[in-house]
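Open the structure in a viewer with selection by chain and residue number. The stops below are meant to be taken in order.

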Amino acid sequence: MTTAAQPTDVWEHELLLTGCQAVSHAVKLADVDVIAAYPIRPYTEVMDQLSQLIADGELDAEYIIADSEHSQFEIVKHASSVGARAFGGSSGTGWMYGMEALAVTATDRLPPLFLVGNRALDDPGAFGVEHNDAMSVRDLGWLICWASTAQEALEHVFIGYRVAEDKRVRMPMALAMDGGFLTHAQHMVKVPTLEAVKQFLPPYDLGDRVLHPDNPISVAPQVNEDWVMELRRQNWEAARRARGVIKEAYKEFNGVFGSHGSQYDNPYFTEYMTEDADAVLIGIGAVCMPTQTAARRLREKGHKVGYVNLRWFRPFPTEELRACLGRFKGVGVIDRDFSQGSPDNGGILLQDVRSCLYPLRGDGPNVINFMGGLGGRDISIDECIDMYERTLAAGRGNVPEEIVSWIGLRE
Amino acid sequence: MASPVLVAKDYKPEVPSDWCPGCGDFGVLTALFQACADLQIQPHDLLVVSGIGCSSNLPGFIRSYGVHSIHGRALPFATGSKLANGAMTVVVTGGDGDGYGIGLNHFIQAMRRNINVTYIVMNNEIYGLTTGQVSPTSEPGMKTKTTPLGNLEGMLNPLALALASGCGYIARGFSGQPKHLVQLYKDGIQHPGFALIDVFSPCVTFNKHNSYTWFRERVYKLEEEDHEVGNFHAAMDKALEWGDRIPIGLVYRNPKPPPPLDVTDPALTGEPLVHQSYEIDGDTRRELIQEFA
Ligand SMILES: Cc1ncc(C[n+]2csc(CCOP(=O)(O)OP(=O)(O)O)c2C)c(N)n1
Ligand code: SF4
Ligand SMILES: [Mg+2]
């Protein structure tokens, strides 16, 4: 379905697209040079779409189907090191299979972009969403960002490459999207013109680190205790600098696209009905739909609740989120992931939110945790209402002894 | 009391198989029921292991021990099982993507080590479960979802690779001819060492090129020609034959098969590991204490 082009020079047209299709349009507009692929649901749709775009003559890129994710990620990494803008992706267990390559892509400080169509890890077999796949690279020097609409997914391909490739950053970028709910659901998506994208996203330039016959360098020699500390420190500094670069990128993005419809007030997260709220839920990805509807319904009844939709997970927006969540009495963290054996045996997001709030000590909100939607199980509006009510109660001081509760679990 | 005689339907579980109507994998499974019945393999003495793929769902559709492992890793799992319990009949099943793509390394290593398992590959020349992408056995020029203008890459030849890797039993079947398959399976299961049976098993949903008709027009049985199954070079010639005529049947059987790993490994001689006693006798214990005293 196509609607008439908007009369601006920023948007080319508006199309009915799935999340995966939106990403493939963006890959085309970002003028990606090398794509390596290996099928696994739900990511597969992107690679299928991209091969069609190439066959139709719409995208000029090298495209190879690797024999596994491990080789796929290595191909993407090496393409990136010779100065090609490279794209890869996977889901669930496929992402985990390529882990060795994912780790070195970060330590080699290369900036390809990967789509992670979030999927539960086997066993048992499950196609539905869970966030542990993308989160598994959280400690390795990756940028990790979640889109929660197809429009955001498209736009974050541009934002992602821009931040990742910036010479102050040069870190690989995982753009994550909830499997099924986002990868395969259709939305109306505004697709920008090539000119607008070019204005926002400069060409990829790896500078003096590019592998080229004219620039003889070697990558990843054996350095042991002589240099590893210093190299880790460089990663650390890059991850720190990324925060500023991200802010700059959104400012620029708003400048190019903002007056025409896509505007981000805050790069890191979006607040919904949080003004004057007593309690908020915070979550990642497609769960923003039922949580926002539930917030509206509760507001109609006079309950002061709101929702915080976290977009950037690495780098973690520590100060911004502390300032935001510090305003409320109760915070309920929704985890569509798990961290077995962690403090409180809760989710991964819980750990980060609590340590981010720790400096507030007694002045901070009471934090509780909800584990839900695992393996792709739906999180209903009623369940969201229940979570808000429990978070309101926690905000009033009724913090349960066991702060982690499971939502929608069959007894 | 002697066990009652087993017939093919004794291996059919209540769980229905989930393949598309017309999928070649049905023929592969039915032939396996018959081969197991002919050999009177008790379901509790049979382990069927797979990776991930439509074809790899097979262990769920046969009454035996079954493991649906991870993509490409059926053979390592089977290796461990066979080493732990050499008395079990271990049949490994999977697809071309699973075994000749992501798991290719294990395929070669298992043949080199001569693990005593029977490996049945449902070769539909496509990734079926992920809905129709090019596979390592897709023909050059073939149009798939990921190769809309035709496959640019060459085909992997599993039979030639198996010959070069020291496999002692190499056969090819066609799921459109399940009776013929039964014999290939039975000989493969009885072969002492790694046995490969590559089976043309059409994916009617995503591979419109290699259909039943396509295969029927091309395959011929080696048993009907005077092919020398014990001759390595004659076998290589047959392994390389592809085009208007494609051979099926027994391609190679090593006339002097070397003993499989579960026979040559000193720790496994005698009884299977699971049947060996955990106890150590007094003399050995005393020797050990002295050694570490
Ligand atoms: C590590 C990993 N990567 C990718 C997948 C997704 N995947 C499932 S089945 C399959 C290929 C199946 O092809 P094949 O083995 O030929 O089996 P068929 O479905 O054709 O029978 C893939 C790539 C996976 N399960 N695990
Ligand atoms: S998709 Fe193909 S291989 Fe899979 S069950 Fe259907 S016909 Fe068989
Ligand atoms: Mg296949």
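The tour goes from the domains of one chain to a helix, then to the chain contact and the ligands. Keep in mind that the model is predicted.

**Stop 1: the domains of chain A**

Select residues 2-260 of chain A and colour them as domain 1, then give 269-406 another colour as domain 2. The centres of these domains of chain A, taken over C-alpha atoms, are 28 Å apart. Where they meet, domain 1 of chain A contributes 25 residues and domain 2 of chain A contributes 19. On the domain 1 side, select α6 (132-135), β7 (143-146) and α9 (224-257) of chain A; each of these elements gives two or more residues to the side touching domain 2. By class, that side of domain 1 of chain A holds 15 nonpolar, six polar and four charged residues.

**Stop 2: helix α5 of chain A**

Select residues 99-107 of chain A, which form helix α5, and show the side chains of L102(A), T105(A) and A106(A), which are buried. Turn the view to look down the axis of α5(A): the buried residues fall within an arc of 95°, so they line one face of the helix. Now add α3 (69-81) of chain A, which is part of what covers the buried residues of α5(A). Just past the helix α5(A), select R109(A), where phi is positive, at about 55°.

**Stop 3: where chains A and B touch**

Show both chains. The contact involves 15 residues of chain A and 16 of chain B. On the chain B side, eight of the residues are nonpolar, seven are polar and one is charged.

**Stop 4: ligand 1**

Select ligand 1 and the 25 residues that surround it. Which residues are closest to ligand 1? They are G53(B), H71(B), G95(B), G97(B) and G128(B). Colouring by chain is useful here, because residues from chains A and B surround ligand 1 and the site is therefore shared between chains. To see the elements involved, select α4 (92-97) of chain A, then β3 (89-95) and α3 (96-102) of chain B; each supplies at least two residues of the shell around ligand 1. The shell around ligand 1 divides into ten nonpolar, twelve polar and three charged residues.

**Stop 5: ligand 2**

Move to ligand 2 and select the residues around it: W19(B), C20(B), C23(B), D25(B), C54(B), N124(B), G128(B), C203(B), V204(B), T205(B) and F206(B). By class, the shell around ligand 2 has seven nonpolar, three polar and one charged residues. G128(B) is listed around ligand 2 and is also among the closest residues to ligand 1.

Note on methods: Residues numbered from 1 in each chain as written. Chains lettered and ligands numbered in written order. Predicted model: local features only at pLDDT ≥ 70, side-chain atom pairs only at ≥ 80, totals over all residues. Domains from an automatic or database assignment. Contact = placed C-beta atoms within 7 Å. Helix = DSSP H or I, 4+ residues; strand = E, 2+ residues; numbered from the N terminus. Nonpolar A, V, L, I, M, F, W, Y, C, P; charged D, E, K, R; others polar. Near = placed C-beta within 6 Å. Buried ≥ 20, exposed ≤ 12 C-beta atoms within 10 Å, placed from the backbone. Arc of directions from axis to C-beta.
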